[in-house]
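Colleague: I have a model open beside its sequence, and I would like to learn how to read its features one at a time. Could you take me through them?

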Amino acid sequence: MLKAVRFSQFGGPEVLEIVDLPDPHPGPGQVRIAVRAAGVNPSDWKKREGLMDPGLPQTLGYEAAGVVDELGEGVADVAAGDRVFGFSAEGAAQAELAVLSDYAPIPSSLDFPGAAALPAAVETATRALDQLARGGKRGGSSTLLVNGASGSVGSAAVQLAVLRGARVIGTASPANHEYLRSLGAEPVAYGEGLAGRVRALAPDGVDLALDVAGNGVLPELIELAGGPEHVVTIADFGGAQEHGVRFSRGDAGRALHALAEIGELIESGRFSLPVAQTFPLAEIAEAHRISEHGHVRGKLVLLVD
């Protein structure tokens, strides 16, 4: 039996429990890891509040890092004892053991919390940028506006877009402006008057816009980018439907190639994703409270002994 995070009713952080569950085993092409760290994402508290999946009970956790301890049939690219990070298709990574459906070796310079911070942020940012690139731009090197640029997905998107040659303008609270500059972005404050502040930096508007924050600014992003076809949101499903903007979601095809590609960027010093705060598994409720409050620079990560 293993200890895992679960909830049996919807509600606040107090419904989260640490329970004993049967040990999972990997299927073909999968690996099982002894989890050392697992990422915490906004989707976790949305699930807990009943905003996503209707079924109960539910486990939590889509990303983890740890040590391989069991191989599924046909796995030849890793061995028991290897350090890997990746995705749990079952959504049960916040546990002592987890089966990873997609995985990559942990870069040698990273510890387990740093590796657990990567999968969701890197995959989501890469997928959204890929979708924006398919949406076309108005010629020349592009200017990208990232709304909500200082969180884990936002800061991943900023760095990956800079590496692709884009000029990046990022919205964040003033406390995070220096951080955004360190990533290669030009910061602007969000809130009332956003479009005017962006136009002060880019008088003709921007070529593309990515909404990570979901704070109701899609009309301004559409106006700045010259139409809804140049905007992607990962956070505002209702707004996307209302304004004709693409909503990026993993079930429409995930950018899993990002897992294998990020290691080289990290080792060469061209990409980093800070861990904002770590929590022992038993303090999962506190991690949810902080995640729900928002405004975290970097990633929240659970540590598993």
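Modeller: What follows is a short tour of the cores, strands, a loop residue and the aromatic pairs. Please keep in mind throughout that this is a predicted model.

Colleague: Let me begin with the interior: how many residues does the largest nonpolar core have, and which of them have the most contacts inside it?

Modeller: The largest nonpolar core has 48 residues, and those with the most contacts inside it are Phe85, Leu118, Leu144, Leu210, Ile262 and Phe271. Helix α3, residues 118-134, gives the largest share of this core, namely eight residues. Apart from it lies another core, of 29 residues, which includes Val84, Phe279, Ile284 and Leu302.

Colleague: If I select Leu144, which residues does it touch once those up to four places away in sequence are not counted?

Modeller: On that basis Leu144 touches Leu129, Leu132, Ala161, Arg167, Val168, Ile169, Leu208, Ala209 and Leu210. Of these, Leu208, Ala209 and Leu210 bring us to strand β12, residues 208-211.

Colleague: How should I read the pairing of a strand such as this, and in what sense does β9 pair with β12, parallel or antiparallel?

Modeller: As a general idea, the strands of a sheet pair through backbone hydrogen bonds, in either a parallel or an antiparallel sense. Here strand β9, residues 143-147, pairs with β12 in the parallel sense over four bridges, and Val146 has Leu210 of β12 as its bridge partner. Strand β12 is also joined by three bridges to strand β13, residues 231-233, and these two run parallel, with Val231 in β13 as the bridge partner of Ala209. Between β12 and β13 the chain passes through helix α7, residues 218-225, and this β-α-β crossover is right-handed.

Colleague: And are the faces of β12 covered or uncovered?

Modeller: Both are covered, since Leu208 and Leu210 on one side are buried, as are Ala209 and Asp211 on the other.

Colleague: For contrast, in what order do the strands of the open sheet with three strands lie?

Modeller: The order is β2-β1-β4, and the pairing is antiparallel. The edge strands, each pairing on one side only, are β2 (16-21) and β4 (58-59). Strand β1, residues 2-7, pairs with β4 over two bridges, and Arg6 stands opposite Thr59 in β4.

Colleague: Turning to a loop residue, is Ser248 buried or exposed?

Modeller: Ser248 lies in the loop between β14 (246-247) and α9 (257-267), and because its relative accessible area is 4%, it counts as buried. The side chain of Ser248 makes a polar contact with that of Arg127 at 2.9 Å. Leaving aside neighbours within four places in sequence, Ser248 is in contact with Arg127, Ala128, Gln131, Val232, Thr233 and Ile234.

Colleague: Finally, how many aromatic pairs does the structure hold, and how do I read their geometry?

Modeller: There are two aromatic pairs, and each can be read from the distance between ring centres and the angle between ring planes. The rings of Phe7 and Phe10 have centres 6.0 Å apart and planes at 50 degrees, so this pair is tilted; Phe7 is buried at 0% relative accessibility, whereas Phe10 is partly exposed at 31%. The rings of Phe237 and Phe247 have centres 5.2 Å apart and planes at 80 degrees, so that pair is edge-to-face. Because Phe237 lies in helix α8, residues 237-243, and Phe247 in strand β14, the pair ties together parts that are 10 residues apart in sequence.

Conventions:
Residues numbered from 1 in each chain as written. Predicted model: local features only at pLDDT ≥ 70, side-chain atom pairs only at ≥ 80, totals over all residues. Heavy atoms only, no water. Core = buried A, V, L, I, M, F, W, Y, C linked by side-chain atoms within 4.5 Å. Buried < 20%, exposed > 50% of the residue type's maximum accessible area, 1.4 Å probe, protein only. Contact = heavy atoms within 4.5 Å. Pairing = 2+ DSSP bridges. Right-handed = clockwise from strand over helix to strand, strands pointing away. Polar contact = N/O pair within 3.5 Å; in protein donor to acceptor, adjacent residues only side chain to side chain. Phe/Tyr/Trp six-rings, centres within 6.5 Å; stacked < 30°, edge-to-face > 60°.
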